[in-house]
Amino acid sequence: MVNDEAMINDESMSDVVDLLIVGGGINGAGIAADASGRGLSVLLCERGDLASATSSDSSKLIHGGLRYLEHWHFRLFHEALVEREVLLRKAPHLIQPQPFILPHRPHLRPRWLIRTGLFLYDHLAKRGQLPASKGLPLLANANNPLKNTLKYGFQYFDCKVDDARLVVANAQQARQQGATILTRTACQSAVRQDGLWHVELEDSCTGHCQQYRGKVLINATGPWAQSFIEGPLKQESPQHIRLVKGSHFIVKRMYPGQQAYLLQNDDDRVVFVVPFGADFTLVGTTDTEYSGDPAAVEMDHEEEAYLLQALNAYFTRQLEREDILWRYAGVRPLCDDDSAKLSDISRDYILELGLGDGGRAPLLSIFGGKITTYRKLAETALAQLKPFLPQMGDDWTAQVPLSGGDIGGYGDGAYEQWLRFQTHNYPWLPKTLLARLGRAYGAQLHEVLRGATAMVDMGLCFGADLYQREVEYLLAKEWARSGEDILWRRSKLGLYFTPAQVDRLEAFVGALNQSGAQD
Ligand SMILES: Cc1cc2nc3c(=O)[nH]c(=O)nc-3n(C[C@H](O)[C@H](O)[C@H](O)COP(=O)(O)OP(=O)(O)OC[C@H]3O[C@@H](n4cnc5c(N)ncnc54)[C@H](O)[C@@H]3O)c2cc1C
């Protein structure tokens, strides 16, 4: 119970925000979007770019997670299954149904076990857009890239997501609802004083510091959740986290067709192989304990060899390290539950609420979590904060599209129909460019192209169909501040760019930054 004193309603404190959120990954941005839509005042600070840490280093899946079943993590499994359908409706441009094939290898898991898992996948949550699973013979033909020793498999559906853009879409929605989003702004310290949080934020580019006050502090710093409490907050962390590193690589498209593969390995782990954009295939992930700085994480030779070996055991086409075009790694913070095996530690999130004197100035810290469950995590976080901010509105995010997601309908073929319609709106735009812009921006496409009537209005081309107009939009409306933000998070055009093209883009962005083109 919270006493009356704990409810902070003093209207004279006009500079005091309801929520101060530290961390601009999916969880911070998701909470900012949800809270601002309930009428709360929100300030979010992110010390780098939005999604510059774990939230752009994921396997890019919105998935129920068959592996959670094996570990009896039913709560997370169920929530994740439900969220697949909710998120498909919220962001049909960023999230797509993804068929998976799980080749059967009888010595690893018996058929009945896989069938049982998939039965639960199909039935534990109401399915809308996602078809049911089925068994299927793996026939030897040109469309089957697997070795012909693999005769049988299972098909099931999950979704794939543009993780970094999902974060941006949440931040945009938050800003449209009045939130302040400060990127390149680090929280250096936070103290409780007179029932409020006083935080010091430092502009990571200029070193300039500014103080802010808030009623509630949210620690959404992902892998830094424990060190943020022990460092800037100078408190003892209620949870100890273990950092688990996962690495991925990208190769040229390995096979025709849109299907992804879930490969089982002898050590009990699984590897995802997923079509990535029009021209590439994403392969990952590994699972190794990590103790260094989360910002310095990168794929090592052992992980690379592990993934190559897993691929080459299943696919006819044999790959080697020279085929790898891009590597990335991230760390997930898991709450230490004394499990001996990393894969046994729950991927579920834990929210810890700490209070100051008199039950005031709450601190809500987020430990763990998945992209798939970010929306529910935000709802749960706000439910916990309701006693302190009783004026907040009700749950709303399940029903409302994200920024760009309002394409006038959802469900089978809705996105494709919307995109077809855009070819009439923008007949002068090359189809491949329209397809990329449609996926990236959804209904925000009209903002990007506002006033343009011919290719000449797109301005300079920096390479791979990236034009000046889009670059200017990203700086003005999406917090991009460098070529890297644009090439590796707002898009993945970095996969196509030459070093000379990167330099030219960086120079252009640098000049725009000087002239103050950002928000
Ligand atoms: C390899 C791997 C694969 C994964 N695959 C999937 C998947 O396919 N599907 C899925 O659902 N989930 C997946 N996950 C989990 C998911 O990626 C994470 O749960 C999620 O991205 C965590 O988001 P976050 O906002 O908590 O943390 P982050 O995205 O790490 O954000 C925290 C942010 O806080 C900022 N920050 C830290 N300290 C400060 C400070 N003092 N001041 C200001 N800012 C600060 C950081 O810069 C960072 O941007 C995967 C995770 C990993 C590691």
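**Entry 1: the second largest pocket**

I began with the second largest pocket, which holds about 1,400 Å³ of space. Of the 49 residues that line this pocket, I noted Q96, G277, A278, A435 and R439 as the closest to its centre. For the record, I worked on a 1 Å grid over the protein atoms alone, where a pocket is an open set of points with protein on both sides within 12 Å along at least five of seven lines, a cavity is a set of points where a 1.4 Å probe fits but cannot get out, and lining residues have an atom within 4 Å of a point. Grid points are joined across faces, edges and corners, and a volume is the space filled by probe spheres set on the points.

This is a predicted model, in which local features need pLDDT of at least 70 and side-chain atom pairs count only at pLDDT 80 or more, while totals for chains, interfaces and linings use all residues. Residues are numbered from 1 along each chain as its sequence is written, and side-chain values use heavy atoms, with hydrogens and water left out.

Which elements each supply at least two residues of the lining of the second largest pocket? I found strand 4 (95-103), strand 6 (152-161), helix 5 (163-176), strand 13 (270-276), strand 14 (280-284), helix 9 (414-425) and helix 10 (431-441). Helix 10 gives the most to this lining, with six residues. Helices (H or I, at least four residues) and strands (E, at least two) are DSSP runs, numbered from the N terminus. By class, I read the lining of the second largest pocket as 24 nonpolar, 11 polar and 14 charged residues, where Ala, Val, Leu, Ile, Met, Phe, Trp, Tyr, Cys and Pro count as nonpolar, Asp, Glu, Lys and Arg as charged, and the others, Gly among them, as polar.

**Entry 2: cavities**

I then turned to the enclosed space and counted three cavities of 30 Å³ or more. The largest cavity has a volume of about 50 Å³, and its lining consists of H93, L94, R165, V168, A169, Q172, S403, G404, A440, Y441, Q444 and E478. Helix 5 and helix 10 each supply at least two of these lining residues, and helix 5 gives the most, with four. I noted five nonpolar, five polar and two charged residues in the lining of the largest cavity.

For the second largest cavity I also have a volume of about 50 Å³. Its lining is made up of G30, A33, D34, K90, N170, Q173, Y374, R375, A378, T397 and L402. Helix 1, helix 5 and helix 8 (374-385) are the elements that give two or more residues to this lining, which divides into four nonpolar, four polar and three charged residues.

**Entry 3: helix packing**

I looked up helix 1 (residues 26-37) against helix 5 and found that they pack at an angle of about 30 degrees, with their axes 8 Å apart; axes are lines fitted to C-alpha atoms, for helices over the stretch in contact, and angles run from 0 to 180 degrees between N-to-C directions. Helix 1 and helix 5 are therefore roughly parallel to each other, given that angles under 35 degrees count as roughly parallel, over 145 as roughly antiparallel, 65 to 115 as roughly perpendicular and the rest as oblique. On the helix 1 side the contact (heavy atoms within 4.5 Å) is made by I26, A29, G30, A32, A33 and S36, and on the helix 5 side by L166, V167, N170, A171, Q173 and A174. I counted eight nonpolar, four polar and no charged residues in this contact.

How do helix 3 (residues 74-90) and helix 8 cross, and within what distance do their axes come? The axes come within 9 Å and cross at roughly 105 degrees, which makes helix 3 roughly perpendicular to helix 8. E79, E83, V86, L87 and K90 of helix 3 make the contact with Y374, R375 and K376 of helix 8, and I class these residues as three nonpolar, no polar and five charged.

**Entry 4: backbone**

I noted a cis peptide bond between G284 and T285, with omega about 5 degrees. T285 is found in the loop between strand 14 and strand 15 (288-290). At A361, a residue other than glycine, I read a positive phi near 50 degrees, and A361 is found in the loop between strand 17 (350-354) and strand 18 (363-367).
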